[in-house]
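Here is a short briefing for a reader new to this structure. Look at the model first, then work through the topics below.

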Amino acid sequence: MTISTAPVSEPVAGDTPPARPAPARRPRRPGRVREWWLGAALVLPALVLAVLFKLVPLVRGVITSLESSSGFGGGEFAGADNYTRMLDDPMVLTSFRNALLVVATLPVWIVVPLILALLIHQRSPGWKFFRAVYFVPYTIAPIVVGIMFRQILAPDGPLNAMLRGVGLEPLALEWLNGRYTALFSLVAVALWSMFGLGVMTYLAGLSTIPEETLEAARLDGAGFFRQLWSVVVPSLRPTVAYWSVLCASGVLIWLFPLIYALTQGGPGDATMLPEYLVFLTTFQFLDRGYGSAIGIALFCFVAVLSIFSVRHMFTEGTRKPR
């Protein structure tokens with residue numbers, strides 16, 4: 001075997017390297033195109049409905065809020081007069097103050113369904129019965145719930161009769177007629193009506209936690225609340241955040257039928273909330289422009305709460321496990 005010792009020829013200065021051939025363009029796969037069109041066709045109906053019943057009314061509401069109108073006839077352009085008028089309206093300020101008090105009860109809306117869901121998940125005595133019963137209130141129309149609790153919470157209603165019967169007459173209050181009890185009675189009725197949905201939401205999340213994890217915590221001596229705080233809550237952060245978003249955005253718009261059936265904003269302005277004030281201003285006082293302005297202010301208020309909650313939900317959902 002011989003090894004060649006011939007010198008390697010040096011490239012000439014004037015020579016140019018051969019051009020690299022352009023990469024061939026991959027043909028678009030017909031299957032992917034069909035999948036794209038199928039996805040667009042499935043999304044399009046929901047998008048059309050969202051535009052027609054969400055975006056268009058919102059834009060129309062903004063336009064109406066800039067008008068001064070009496071009744072349901074035509075209106076004149078008023079600029080920001082309706083919004084500046086709200087700043088000097090004590091009823092509007094009171095309604096948003098009451099809304100803040102309602103928002104302050106959100107921890108109860110979040111924690112109570114979680115505790116009940118964990119009790120059901122742990123197969124506590126009667127768990128099958130309670131799993132069905134807890135969801136029943138959510139299936140009842142809110143206006144029916146309001147009429148029912150108007151009788152229960154009446155001064156001579158069943159609740160006060162029971163309290164007097166067991167010797168707790170000082171607790172037999174005028175639940176819907178008291179200045180400081182009416183709003184929280186209203187919130188309690190709303191929580192009774194809606195917490196079943198939260199229980200079902202948390203049960204769906206609890207089904208994703210391996211049973212070995214909870215069993216290991218029990219073997220280590222963790223009690224119920226220790227398991228709840230150290231195991232369940234960290235594992236259900238996205239679910240808790242989702243329910244928090246739902247409650248933060250819904251607690252201010254779910255209460256209208258209950259207010260209408262229970263208190264109609266009274267006594268005085270104790271249970272006056274922005275959504276009910278929009279109804280009164282628009283349909284009772286026939287001031288569409290001012291009512292729309294209050295509605296847009298409520299939309300911005302709920303949007304701010306939802307943005308913070310959604311951002312927290314996204315952060316928790318994308319956090320990598322340690």
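Is cysteine 300 buried, partly exposed or exposed? Cysteine 300 counts as partly exposed, because its relative accessibility is 41% and the partly exposed class runs between 20% and 50%. Keep in mind that this is a predicted model. The protein chain has 15 helices and 2 strands. Of its 322 residues, 37% are buried.

**Cysteines**

- Cysteine 247 counts as buried, because its relative accessibility is 0% and buried means under 20%.
- A search of the whole structure turns up 0 disulfides.

**Contacts along the chain**

- Take the contacts in the protein chain between residues at least 6 apart in sequence: 70% of them join residues at least 24 apart.
- Threonine 105 and alanine 188 give one pair to look at: they are 83 residues apart in sequence.
- In space, threonine 105 and alanine 188 are 9.6 Å apart, C-alpha to C-alpha.

**The largest nonpolar core**

- This core has 60 residues.
- Val102, Trp109, Leu206, Val232, Leu252 and Leu258 have the most contacts inside the core.
- Helix α9, residues 182–206, gives the most to this core, with 13 residues.
- Leucine 206 touches Ala117, Leu118, His121, Val232 and Leu236, not counting residues up to four places away in sequence.

**Three buried polar residues**

Sequence neighbours within four places are left aside in the contacts of threonine 105, threonine 239 and serine 95.

- Threonine 105 sits in the loop between α3 (90–103) and α4 (106–121).
- Threonine 105 is buried, because its relative accessible area of 12% falls under 20%.
- The contacts of threonine 105 are Phe184 and Val187.
- Threonine 239 belongs to helix α12, residues 237–250.
- Threonine 239 also counts as buried, at 18% relative accessibility.
- Thr201, Tyr202 and Gly205 are in contact with threonine 239.
- Serine 95 is placed in helix α3.
- With 0% relative accessibility, serine 95 counts as buried.
- Serine 95 is in contact with Met272, Leu273, Pro274 and Leu277.

**Helix α14 and what follows**

- Pro274, Glu275, Tyr276, Leu277, Leu280, Thr281 and Thr282 are buried in α14.
- Pro274 and Leu277 are also among the contacts of serine 95.
- Leucine 286, just after α14, takes a positive phi of about 55°.

**The largest pocket**

- Rolling a probe the size of a water molecule over the atoms shows where empty space is left.
- The largest pocket has a volume of about 770 Å³.
- Its lining consists of 23 residues.
- Leu58, Gly295, Ile296, Leu298 and Phe299 lie nearest the centre of this pocket.
- Three helices each supply at least two lining residues: α1 (30–65), α14 (274–284) and α15 (288–318).
- Which helix gives the most to the lining? Helix α15 does, with 10 residues.
- The lining divides into 13 nonpolar, 7 polar and 3 charged residues.

Conventions. Residues are numbered from 1 along each chain as its sequence is written. This is a predicted model: local features need pLDDT of at least 70, side-chain atom pairs count only at pLDDT 80 or more; totals for chains, interfaces and linings use all residues. Side-chain values use heavy atoms; hydrogens and water are left out. On a 1 Å grid over the protein atoms alone, a cavity is a set of points where a 1.4 Å probe fits but cannot get out, and a pocket is an open set with protein on both sides within 12 Å along at least five of seven lines; lining residues have an atom within 4 Å of a point. Grid points are joined across faces, edges and corners, and a volume is the space filled by probe spheres set on the points. Helices (H or I, at least four residues) and strands (E, at least two) are DSSP runs, numbered from the N terminus. Ala, Val, Leu, Ile, Met, Phe, Trp, Tyr, Cys and Pro count as nonpolar, Asp, Glu, Lys and Arg as charged, and the others, Gly among them, as polar. A disulfide is a pair of cysteine sulfur atoms within 2.5 Å. Buried means under 20% relative accessible area, exposed over 50%, partly exposed in between (1.4 Å probe, protein chains only). A nonpolar core is a set of buried Ala, Val, Leu, Ile, Met, Phe, Trp, Tyr and Cys residues joined through side-chain atoms within 4.5 Å. Contact means heavy atoms within 4.5 Å.
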